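I opened this entry to keep a record of what I looked up, in the order I looked it up. The topics are fold, core, salt bridges, surface and one backbone angle.

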Amino acid sequence: MKRRFEVLVTLKEGLLDPQGKTVEDSLPRMGWTNVSEVRVGKLVELTVEGDSEEAARDTAEEVATRLLANPVIEDVRILSMEEAT
């Protein structure tokens, strides 16, 4: 069974986010004065084959924590999309 997942990697709360700050500083100059607390992360889509949804999710979590993110400074969220064909 193939399952699709989105892996969202973001900096841990409290860490400086230079990319987010750059975007936030640009917003008022472009007319958006009502947007604040901008954080930038990365989104990775995976299709994982496994015997069950749980096994596929476990693989996605392992890939995310061992390869896609630095657990010292980044948080990871795994979002299940749907069964892939």
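**Entry 1: fold.** I began with the order of elements, which from the N terminus on runs β-α-β-α-β. The radius of gyration is 16 Å, well over the 12 Å that the globule rule gives for 85 residues, so the chain is more spread out than a compact globule. I note here that the model is predicted. The count of elements is two helices and three strands. I then took the box along the principal axes, and the C-alpha atoms fill roughly 50 × 30 × 15 Å.

**Entry 2: whole-chain totals.** I looked up burial next: of the 85 residues in the chain, 22% are buried. The exposed area of the chain is about 6200 Å², and carbon and sulfur atoms supply 51% of it. For contacts between residues at least 6 apart in sequence, I found that 75% join residues at least 24 apart.

**Entry 3: core.** Which residues make up the largest nonpolar core? I listed 11 residues: Phe5, Val7, Val9, Leu46, Val48, Ala56, Ala60, Ala64, Leu68, Ala69 and Ile78. Two or more of these residues come from each of S1, S2 and helix H2 (53–68). H2 gives the largest share, four residues. As background, nonpolar side chains tend to be buried together in soluble globular proteins. I picked Leu46 from the core and looked up what it touches. Not counting residues up to four places away in sequence, Leu46 touches Arg3, Arg4, Phe5, Val7, Ala60 and Val63.

**Entry 4: salt bridges.** How many salt bridges does the structure hold? I found six, and I wrote up three pairs.

- Glu45 pairs with Arg4, and their closest N and O atoms are 3.0 Å apart. Glu45 is in strand S2 (residues 42–49) and Arg4 in strand S1, so this pair ties together parts that are 41 residues apart in sequence. Glu45 is partly exposed at a relative accessible area of 48%, and Arg4 is partly exposed at 24%.
- Asp75 pairs with Lys12, with 3.3 Å between the closest N and O atoms. This pair links distant parts of the chain, since Asp75 is in strand S3 (residues 74–83) and Lys12 is in the loop between S1 and H1, 63 residues apart. I read a relative accessible area of 34% for Asp75, which is partly exposed. Lys12 is partly exposed too, with 27%.
- Asp25 pairs with Lys21, and here the closest N and O atoms are 3.1 Å apart. Both residues lie in helix H1, four residues apart, about one turn of the helix. Asp25 is partly exposed at 37% relative accessible area, and Lys21 is partly exposed at 46%.

**Entry 5: nonpolar surface.** I searched for nonpolar patches on the surface. Leu15, Val72 and Ile73 make one of about 250 Å². Leu15 sits in the loop between strand S1 (2–11) and helix H1 (18–26), while Ile73 is in the loop between H2 and S3. Why can Leu15 count towards a patch? A patch residue needs over 30% relative accessible area, and Leu15, partly exposed, has 33%. Ile73 is also partly exposed, with 34%.

I then listed the contacts of Ile73. Leaving aside neighbours within four places in sequence, Ile73 is in contact with Thr10, Leu11, Lys12 and Leu15. Leu15 is thus a contact of Ile73 and a member of the patch. For a distance across the chain I took Ile73 and Glu45, which are 28 residues apart along the chain, and their C-alpha atoms are separated by 21 Å.

**Entry 6: backbone angle.** Which residue has a positive phi although it is not a glycine? I found Glu37, with phi of about 55°. Most residues other than glycine have a negative phi. Glu37 is located in the loop between H1 and S2. Is Glu37 buried or exposed? Its relative accessible area is 69%, so I logged Glu37 as exposed.

Key
Residues numbered from 1 in each chain as written. Predicted model: local features only at pLDDT ≥ 70, side-chain atom pairs only at ≥ 80, totals over all residues. Heavy atoms only, no water. Patch = residues over 30% accessible without salt bridge, like charges linked within 9 Å, V, L, I, M, F, W, Y side chains within 5 Å. Areas by Shrake-Rupley, 256 points an atom, 1.4 Å probe, with all protein chains shown as cover. Salt bridge = Lys/Arg side-chain N within 4 Å of Asp/Glu carboxyl O. Buried < 20%, exposed > 50% of the residue type's maximum accessible area, 1.4 Å probe, protein only. Rg over C-alpha atoms; globule rule 2.2 N^0.38 Å. Contact = heavy atoms within 4.5 Å. Core = buried A, V, L, I, M, F, W, Y, C linked by side-chain atoms within 4.5 Å.
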